[in-house]
Amino acid sequence: MDIHRLERAIENNDVEDAVRLLREVSPDQDHAAVPVLLKHITQTPNPGIRNALAMALRDIGNEEAVLPLIDLINNPKTLRNRGTLLYALEPFDCTGHLETLVHHFLTGNFEVQAMAHQLLESMDGKVPADALLKSLQKVKERLNEIERQQEVHSDVLDILFELKVT
């Protein structure tokens, strides 16, 4: 991969060229490109380029990508563009980010929930007790809210069935 050409494409917001160059990433040869990819993934405002950078970092498999990806997932600027960022975390150990993953599982759209669920399911490491307790409490609170909403919805459904058609 031509890293200088990639930087020019990103800086010029040339999504097509940047994506094409990033598809040429070779996990065994492009570890030297990681600092440049990390720099640009945190700076680019373009979600297409950001997603392509995330996928390149995933393919390279360098652990240095985890924290910047987590930071981006938590950044409000990525609100509707987090699914690919979570997917990019799949080959990495995300045990240290349990609370973040649970938060996005509970609050994200369908794609974000699915990816967070997959990352949570793949965890096999030990987690700090306080992070686990906080996560358990958040999930339980959400389940309680869902149960409350289900009761209210059921009541409204019953009311609707009792109404007469004119």
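This section describes the nonpolar core, the charged pairs and selected surface features of a predicted model.

The largest nonpolar core comprises 42 residues, and Leu6, Leu22, Leu37, Leu69, Leu86 and Leu89 have the most contacts inside it. Two or more core residues are contributed by each of the helices α1 (3-11), α2 (15-22), α3 (34-43), α4 (47-60), α5 (66-74), α6 (83-88), α7 (98-107) and α8. Helix α4 supplies the largest share of this core, with seven residues.

Six salt bridges are present in the structure. One of them is formed by Arg5 and Asp17, whose closest N and O atoms are 3.5 Å apart. This pair connects distant parts of the chain, as Arg5 belongs to helix α1 and Asp17 to helix α2, 12 residues apart. Arg5 is partly exposed, with a relative accessible area of 34%, whereas Asp17 is buried at 15%.

Helix α1 also takes part in a salt bridge between the side chains of Glu7 and Lys39, with an N to O distance of 3.5 Å. Here Glu7 in helix α1 is linked to Lys39 in helix α3, 32 residues apart along the chain. Glu7 has a relative accessible area of 17% and is therefore buried, the cut-off being under 20%. Lys39 is partly exposed, at 36%.

A further salt bridge joins the side chains of Glu90 and Arg58, with 2.4 Å from N to O. Glu90 lies in the loop between α6 and α7, and Arg58 lies in helix α4, 32 residues apart. Glu90 is partly exposed, with a relative accessible area of 25%, while Arg58 counts as buried at 18%. Through shared partners, salt bridges join Arg5, Asp17, Arg20 and Glu24 into one network.

Arg58 is also placed over the face of Tyr87, at 4.1 Å from the ring centre. Aromatic pairs, by contrast, number zero in a search of the whole structure.

Towards the C-terminal part of the numbering, Pro128 occupies the loop between α8 (110-121) and α9. Pro128 is partly exposed, with a relative accessible area of 45%. Its C-alpha atom is separated by 9.2 Å from that of Thr95, 33 residues apart along the chain. Helix α9 spans residues 129-162 and includes Leu160. Leu160 is also one of the residues of a nonpolar surface patch, which it forms with Val152, Val156, Ile159 and Leu163. Together these residues have about 450 Å² of accessible area.

Notes. Residues are numbered from 1 along each chain as its sequence is written. This is a predicted model: local features need pLDDT of at least 70, side-chain atom pairs count only at pLDDT 80 or more; totals for chains, interfaces and linings use all residues. Side-chain values use heavy atoms; hydrogens and water are left out. Patches are made of residues with over 30% relative accessible area and no salt bridge: like charges are joined within 9 Å, nonpolar side chains (Val, Leu, Ile, Met, Phe, Trp, Tyr) within 5 Å. Accessible areas come from the Shrake-Rupley method with a 1.4 Å probe; for residues, only the protein chains shown count as cover. A salt bridge is a side-chain nitrogen of Lys or Arg within 4 Å of a carboxyl oxygen of Asp or Glu. Helices (H or I, at least four residues) and strands (E, at least two) are DSSP runs, numbered from the N terminus. Rings of Phe, Tyr and Trp (its six-membered ring) pair if their centres lie within 6.5 Å; planes under 30 degrees apart count as stacked, over 60 as edge-to-face and the rest as tilted. A charge sits over a ring if NZ of Lys or CZ of Arg is within 6 Å of the ring centre and within 35 degrees of the ring normal. Buried means under 20% relative accessible area, exposed over 50%, partly exposed in between (1.4 Å probe, protein chains only). A nonpolar core is a set of buried Ala, Val, Leu, Ile, Met, Phe, Trp, Tyr and Cys residues joined through side-chain atoms within 4.5 Å.
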